[in-house]
Every structure is written in structure tokens, then in C-alpha cells.
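Work through the following exercises with the sequence and the structure in view. Each task is followed by a solution in steps.

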Amino acid sequence: MKAVLLEKPGELLLAEVATPSCPKGGVLLKVSCCAICGTDVKMFRRGHRDLKYPRVLGHEIAAEVVCSEHPDFKAGTRVQVYPGIACGVCPLCLQGRENLCGQVKIIGFNYDGGLAEYMALPPESLPGGLNIIPENVSDEEASLAEPLASCIHSQYVCRVGDGDRVLVLGAGPLGLLQTMLARYNGAEQVLVAEILPERVCGAELACPDGVIDLGKTSLKQGVFEQTGGVGVDVILIASSGVEVGELPSVLSPGGRINFFSGLPKDRSGFTIDANSIHYQELILSGSYGSTAADNAEAVRLIGQGIIPVKRLISRVTGISYIEEAFLGVERLEGLKTVIKFYK
């Protein structure tokens, strides 16, 4: 089969490799679509502590079951893949927080991922690791369920709800997913802040109440102009290019900040006035990845047309153009790029 192998950081190879067999108790999948995540590009350039080379990348996957040794899934079933494989028995797993399991393994990191014609899922990933794709949802759309699931998890952690004024920092694919999801979750006002001109223009795809062009105004001025000086209740950080220290100044009392996007190591430290947290009852939270339940919910929201992820797909291309596709994602061209395995 054809597969994209990361041989080492900086070396991506389209190769012919052996097709995996169906694991005992597991399933063999024929990959239909695999969307490219910014993390895939980072691993291509810099590697990752969990990678063992060579590795097939890709964790935003829609596929078809071609062989199954699990009773819940029959051959021919279209499925979306939840990429986490946790231990299932630790306290965090039993609480439904398997994304924080100390033994969690991730498809595309610790296991070969979806940038290949076929992939095998072990029994320990089932049944929660697969979600049946509704008939009205395309494979391309289903491949965006995993990034949507991470947004669902983020907004659950920081309790986005009715009447909230929400600020999304970043108008990339995840920022726009956060924007659409915040509206669904009952937010009264959703603002997007972005500095890149093309993404400032593209933010309208998610229908926010306002877009703050950080190339023309400061974050504080933009937020206060949009909210009548009140500030926002929730800040969702969906960009790595954020100056964290200024964020509390645009929060209303009781406001919440969610660190949804990781920050570069050389800029991950910041100083914050603890008294402002104390007197205004501010809450700082983090969110990492998603759970199996979040992925199931993402597939439901896409299937019911609640989150129109199709708007965010800028490019669909074949695996033969993988290097060009990675470079396009790295250069921030468009929004989501999906690799489709044409039949």
C-alpha cells in the first residue's frame, strides 16, 4: 500500500509498504480521508518526543471497515476514528477523561496513522475509538470531526454557555470551529481576533459578531469597542502567537481563559497579577485533545448540520501531492487541507 512515512524530522517519504493485517479483536480500515493538522507539520519539521521513526502520520481520519474481528463493526461501515488509545482502567479513564491517561497512546504519534491507504486498530481502541458516519456526511467532512472534538472538549472545560461573551484568539481552522461552536453553546456574542490579513477576511466564514483586526487596533481597544466597555466572559486561545499577559485586562469579573492552543516553549511563561485573579474571581484552564465522547458528539453535530465544517475545507488532494500539501499548511494557505484516497 501507499503510505506517507516520516523517516526523521524534515524527511517525509511517499513509499510502498506492507498492508497491515486485521488485529485479533480489532479492525482493518481502508482510509478514505485524512485531514492535515498543524501538529503534523510541526512533527515533520521538528519531530516529537513520542515519535518512533519511521512513522505514518495523520490523526484526523475517516475510513471504511474492510475487515473486522469486533462484534460492533461490520465490513463496509464508514467510520470516524478517535485517535486516543488509553489504558481504560486508571481513575482518569474511569472518569471519562482518557485524554489525560498517563498511558495514553495516539494514532499518528505512537501508532501508524491515517496518511496511508490502510490502517489497523487494536482491540483496546474499541468500541469507543470508532464512530459511524451518518449517510449525509461526506468523508471529507467526517475527517474534521477530530479537530471539532478538541473544541468541544475545550468549551466543556471552560463552561461556555448561555449569555457568554466569547473572544476567540485566532481565525485559523480551529479558531473558526471554536467560533461556530460557541454560538451553538449559547454564547450571546462571539468575537474573533486575528492579525494575518487573509485570515481577518476569512473569519466571516464562521459568522462571528465582530472581527478584531490586530494589525489595525490593540486587543483591548477592539474588545472594549465591540462590548461597550464590558469586556468578555471567556477567552479561547486558538493561536500560538498570543501575548498572554494582556488577556486578563479584557475579561469581565468571573471571566475564564482557556489555553486551547499550545504556546512555543520560549514564550510559554508569563506573568499575571494574582490579585486580579483573586478580586475578580478569574479562572485559568487548559484543555488537551479530546475524549471518545467528544468525538461522538462532533460526528453528531456535523451530521445534524449544526457545525458546517464543509466551509473550512480549502483543499482536497491526493496522497501523491503530500509534500505540496504539507508546505501549504505550513504557509497558512487557506484553512483545512484534506488528503483523499480516491477509489
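**Exercise 1: the surroundings of a glycine**

Apart from neighbours within four places in sequence, Gly-286 is in contact (heavy atoms within 4.5 Å) with Val-157, Asn-258 and Phe-259. The model is predicted: local features need pLDDT of at least 70 and side-chain atom pairs pLDDT 80 or more, while totals for chains, interfaces and linings use all residues. Residues are numbered from 1 along each chain as its sequence is written, and side-chain values use heavy atoms, with hydrogens and water left out.

Task: State in which strand Gly-286 lies, and whether Gly-286 counts as buried, partly exposed or exposed.

Solution.
Step 1. Find the element: Gly-286 belongs to strand β16, residues 283-286. Strands (E, at least two residues) and helices (H or I, at least four) are DSSP runs, numbered from the N terminus.
Step 2. Apply the cut-offs: buried means under 20% relative accessible area, exposed over 50%, and partly exposed in between, with a 1.4 Å probe and protein chains only. Gly-286 has 49% relative accessibility, so Gly-286 counts as partly exposed.
Step 3. Add a distance: from C-alpha to C-alpha, Gly-286 and Leu-205 are 26 Å apart in space, and they are 81 residues apart in sequence.

**Exercise 2: an aromatic pair**

Task: Classify the pair formed by the rings of Phe-44 and Phe-326.

Solution.
Step 1. Count: searching the whole structure gives 1 aromatic pair.
Step 2. Classify: the ring centres of Phe-44 and Phe-326 are 5.7 Å apart and the planes stand at 85 degrees, so this pair is edge-to-face. Rings of Phe, Tyr and Trp (its six-membered ring) pair if their centres lie within 6.5 Å; planes under 30 degrees apart count as stacked, over 60 as edge-to-face and the rest as tilted.
Step 3. Place the residues: Phe-44 is in helix α1 (residues 38-46) and Phe-326 in helix α10 (residues 322-330), so the pair ties together parts 282 residues apart in sequence. Both Phe-44 and Phe-326 are buried.

**Exercise 3: two helix crossings**

Task: Describe how α1 meets α10, and how α4 meets α9.

Solution.
Step 1. The axes of α1 and α10 come within 9 Å and cross at roughly 105 degrees. Axes are lines fitted to C-alpha atoms, for helices over the stretch in contact, and angles run from 0 to 180 degrees between N-to-C directions.
Step 2. This makes α1 roughly perpendicular to α10, a term for angles of 65 to 115 degrees.
Step 3. On the α1 side are Asp-40, Val-41, Phe-44 and Arg-45, which meet Phe-326, Leu-327, Val-329 and Glu-330 of α10.
Step 4. The axes of helix α4 (residues 145-157) and helix α9 (residues 292-303) come within 8 Å and cross at roughly 115 degrees. Therefore α4 and α9 are also roughly perpendicular to each other.

**Exercise 4: backbone details**

Task: Locate two cis peptide bonds, one ending at Pro-54 and one at Pro-127, then place Glu-281.

Solution.
Step 1. The bond joining Tyr-53 and Pro-54 is cis, with omega about -5 degrees; Pro-54 is in the loop between α1 and β4 (55-56).
Step 2. Leu-126 is joined to Pro-127 by a cis bond with omega near 5 degrees, and Pro-127 sits in the loop between β9 (118-121) and β10 (130-132).
Step 3. Glu-281 is in the loop between α8 (274-280) and β16. Its phi is near 55 degrees, a positive value in a residue other than glycine. With a relative accessible area of 61%, Glu-281 is exposed.

Key
Angles under 35 degrees count as roughly parallel, over 145 as roughly antiparallel, 65 to 115 as roughly perpendicular and the rest as oblique.
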